[in-house]
Number of protein chains: 2
Amino acid sequence: MLSLQDSLDIINREIQAIQYPKNPAGLYEPIAYLLALKGKKIRPAFTLLACNLYRDEVDAAIRPALAWEIFHNFTLMHDDVMDRADLRRGQPTVHKKWNENVAILSGDAMLILSYIFMTESVTENLKPLLNLFSQTATEICEGQQYDMEFEQRPDVSEQEYIEMIRLKTAVMLGASLKSGAIIGGADEKDAQNIYDFGLNLGIAFQIKDDLLDVYGNPDVFGKKTGGDILCNKKTYLLINALNRADKTDKAKLLKWLECGDKPRKKIIAVRNLYDQLAVPEKANEAILFFYEKALTAFQAVLVDEDRKRILKNIAKNLMEREF
Amino acid sequence: MLSLQDSLDIINREIQAIQYPKNPAGLYEPIAYLLALKGKKIRPAFTLLACNLYRDEVDAAIRPALAWEIFHNFTLMHDDVMDRADLRRGQPTVHKKWNENVAILSGDAMLILSYIFMTESVTENLKPLLNLFSQTATEICEGQQYDMEFEQRPDVSEQEYIEMIRLKTAVMLGASLKSGAIIGGADEKDAQNIYDFGLNLGIAFQIKDDLLDVYGNPDVFGKKTGGDILCNKKTYLLINALNRADKTDKAKLLKWLECGDKPRKKIIAVRNLYDQLAVPEKANEAILFFYEKALTAFQAVLVDEDRKRILKNIAKNLMEREF
């Protein structure tokens, strides 16, 4: 059976082995550049590990696993243009290193490439896999659309936020797992339970991410905390604070949102307001709620507990991480 | 058997009947907007007509036909962003009517939608169809990349230009035909000949387009001539003029390329240079060359001449058009 590290080794080896056409270099170099940057690669690993629940031989799942990683990086390339982001994984974004047109067009080619990888090695179950892939891809676009709309709206509810991160982040974790299960030969019920496991884990994961951005230990988290506060990002924390605050606290919070200078003061003041409003406790409750939903779904998967241990441990580590 | 008008009627009816999700409206409205603008819709018509070469019933080809039209419009949405174009079919482009982020994200969703349409109704031959679709889509991105690179290069050869329009424009005509033939049940040799028919017709069509932009009768052509000259577009004509001119004429031409005002004078002067260098004759030769290659390929298609008449007439009309 594959460990997480085994599957990451396969993924990294296969990504390095991708042969891009030589010309036009301007189209393919940005794709190779982005895919070569360090990343967690949790999605393709999920595909291999879910396949491995059902069979020892996971070769047929490798190209579809890479398809998720390529698709994920396509969304990063285009999202970074839309968000005007300068850095990605500590390196210049594609539209900064080249230009916006390059990021748009190479991103398009990458989306097409992800379809090529998803269909290349699969003979059985091609149609359900493609349907899963296209539906997930569409939902991720919807999630990005909501995310951009929410940045312009003062009145986003918690429910709307959960729906947004479900679409933007969580469905891809569910679907990368489910695709592996389908290739492995899971029946529909198992495949759906595995999807629900990944989906709920993904929601918990994103709320945890929001929490760590404010409360994470910077030595362990690997980046400075407070970034989301400084750019007024509509996170689970900010949305809850806005919805739970009384008139006075809300006025204070809104005043800080308007403040563009004094970054240290702003982070401390907003964090104090979060503390006062018990926002981190609320976030931890939500994380636990979705984590337990994930575990319940995984419990229902009809595979030996022994085989399930690796994915269960990954879920546990994701929830306990402080980085 | 379907006439061109019959197939256009089917396509227009089916495009109007597409049901988009209600939310997020910001993602789907731009897609509906662009698809509702008037367009030639020659690609989806080709898919139906090619299928109709082999069987009377073309229902199975309708969704794949729409896939080409959706894909084509996706390329327009993103190309218009990259080219900073304000108008498309006489109406504001998506990034002008909304904004650039909308055009990027709705374009992405449209590309995914085209895959959904391509695979939806097909049960047999799904894999060759998908391979054709993905390869064509990739080539179109490559063509757009070359097109953008050529705008920055002074030394583009005729051969390079033909290769660029092959990728950017012609492969989609070939592939939209070939997909219909595959669905209709053509054997591989026929399908390839039909592809070559569309491909060479597409190259002829694009050179004709370049020619009409300078020499077309504006009353018939429907738009003012000389637009390509004013924006120094690297067309078949300009590339040939640059490559054929002697030192004196080349200096004159380059001087006019640098000239940003005096539009009427610029059009007349550049057109005179084209005439002097026999560029229109050269263009007409090239058009005829590729048109005849197209006809030879179509000749080899093993279908009753009677059934082939409609597509042959469309090709003839495209070549004889003055608009």
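User: What makes two residues count as being in contact, and how many residues does each chain give to the contact of chain B with chain A?

Analyst: Two residues are in contact if their C-beta atoms, placed from the backbone, lie within 7 Å, and by that rule the contact takes 29 residues from chain B and 29 residues from chain A. This is a predicted model, in which local features need pLDDT of at least 70 and side-chain atom pairs pLDDT 80 or more, while totals for chains, interfaces and linings use all residues. Residues are numbered from 1 along each chain as its sequence is written, with chains lettered from A and ligands numbered from 1 in the order in which they are written.

User: Which element gives the most to the side of chain B that touches chain A?

Analyst: On that side, α7(B) gives the most, with 13 residues; helices here are DSSP runs (H or I, at least four residues), numbered from the N terminus.

User: Why are α15(A) and α16(A) called roughly antiparallel?

Analyst: Helix α15 (residues 279–299) of chain A and helix α16 (residues 305–320) of chain A pack at about 175 degrees, with their axes 11 Å apart, where axes are lines fitted to C-alpha atoms over the stretch in contact and angles run from 0 to 180 degrees between N-to-C directions. Angles over 145 degrees count as roughly antiparallel, and therefore α15(A) is roughly antiparallel to α16(A). Among the residues that make this contact are I287(A) of α15(A) and M319(A) of α16(A).

User: How do you know that the radius of gyration of chain A agrees with a compact globule?

Analyst: The globule rule, 2.2 Å times the number of residues to the power 0.38, uses a radius taken over C-alpha atoms; because 323 residues would give a value near 20 Å and chain A has 20 Å, the two agree.

Note on methods:
Helix = DSSP H or I, 4+ residues; strand = E, 2+ residues; numbered from the N terminus. Parallel < 35°, antiparallel > 145°, perpendicular 65-115°, else oblique.
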